[in-house]
Amino acid sequence: MKREDFVAGLNSQLEMSVDEQADILYESLKQDGETLTSIIAIEELAELQKEISKQLRGEGNFYDLLQEMADVDISLANLMVMHDISSSELRKVMTVKIDREKKRIGR
């Protein structure tokens, strides 16, 4: 997405319910199929990696980072649907992982 279009969307009154977002992503997944959706997820992760690298070199842009993070989040939502992973399951796994981090930092 062009940065100008992205920023314009951020500054607009665009709203979409969580249910509407889920419906659109489900239709997109159904249309594209699991293989293409998985390939797109891999590509989006690589694009985020590239943007993080730019940030570390001082060449990054806040809106580009934000956009890539959103793309990865959308890809993760698609992967959750594809692999029948619920939000509560993912949160539980995150809690286990964050607890490990808590112990690592001595809290």
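Start by selecting Phe6: this residue is buried, with a relative accessible area of 12%, and the cut-off for that label is under 20%. Keep in mind on this tour that the model is predicted.

**Stop 1: the aromatic rings**

Leave Phe6 on screen and add Tyr63. Tyr63 is partly exposed, at a relative accessible area of 32%. A search of the whole structure turns up two aromatic pairs. In one of them, Phe6 and Tyr63 meet edge-to-face, with 6.5 Å from centre to centre and 75 degrees between the planes. Colour the helices now: Phe6 belongs to helix α1 and Tyr63 to helix α3, so this pair ties together parts that are 57 residues apart in sequence.

Next, select Phe62. Its ring pairs with that of Tyr63, again as an edge-to-face pair, at 5.5 Å centre to centre and with 70 degrees between the planes. Is Phe62 buried or exposed? Phe62 counts as exposed, because its relative accessibility is 57% and the label applies over 50%. With Phe6, Phe62 and Tyr63 shown together, you have one aromatic cluster.

**Stop 2: the largest pocket**

Hide the rings and turn to the largest pocket, which has a volume of about 1200 Å³. To find its middle, select Gln21, Leu25, Ala70, Asp73 and Ile74; of the 35 lining residues, these are the closest to the pocket centre.

Which helices supply at least two residues each to the lining? Show α1 (3-11), α2 (18-56), α3 (62-82) and α4 (87-104), since each of these does. The largest share comes from α2, with 13 residues.

Now colour the lining of the largest pocket by residue class. You should find 20 nonpolar residues, nine polar and six charged.

**Stop 3: Arg104**

Move on to Arg104, which sits in helix α4. Arg104 counts as exposed, with a relative accessibility of 60%. Add Glu101 and display both side chains: a polar contact of 2.6 Å joins Arg104 to Glu101.

For a sense of scale, select Met69 as well and draw a line between the two C-alpha atoms. Arg104 and Met69 are 35 residues apart along the chain, and their C-alpha atoms are separated by 26 Å.

Methods. Residues are numbered from 1 along each chain as its sequence is written. This is a predicted model: local features need pLDDT of at least 70, side-chain atom pairs count only at pLDDT 80 or more; totals for chains, interfaces and linings use all residues. Side-chain values use heavy atoms; hydrogens and water are left out. On a 1 Å grid over the protein atoms alone, a cavity is a set of points where a 1.4 Å probe fits but cannot get out, and a pocket is an open set with protein on both sides within 12 Å along at least five of seven lines; lining residues have an atom within 4 Å of a point. Grid points are joined across faces, edges and corners, and a volume is the space filled by probe spheres set on the points. Helices (H or I, at least four residues) and strands (E, at least two) are DSSP runs, numbered from the N terminus. Ala, Val, Leu, Ile, Met, Phe, Trp, Tyr, Cys and Pro count as nonpolar, Asp, Glu, Lys and Arg as charged, and the others, Gly among them, as polar. Rings of Phe, Tyr and Trp (its six-membered ring) pair if their centres lie within 6.5 Å; planes under 30 degrees apart count as stacked, over 60 as edge-to-face and the rest as tilted. Buried means under 20% relative accessible area, exposed over 50%, partly exposed in between (1.4 Å probe, protein chains only). A polar contact is a pair of N or O atoms within 3.5 Å; within protein, one must be able to donate a hydrogen and the other to accept it, and residues adjacent in sequence count only if both atoms are side-chain atoms.
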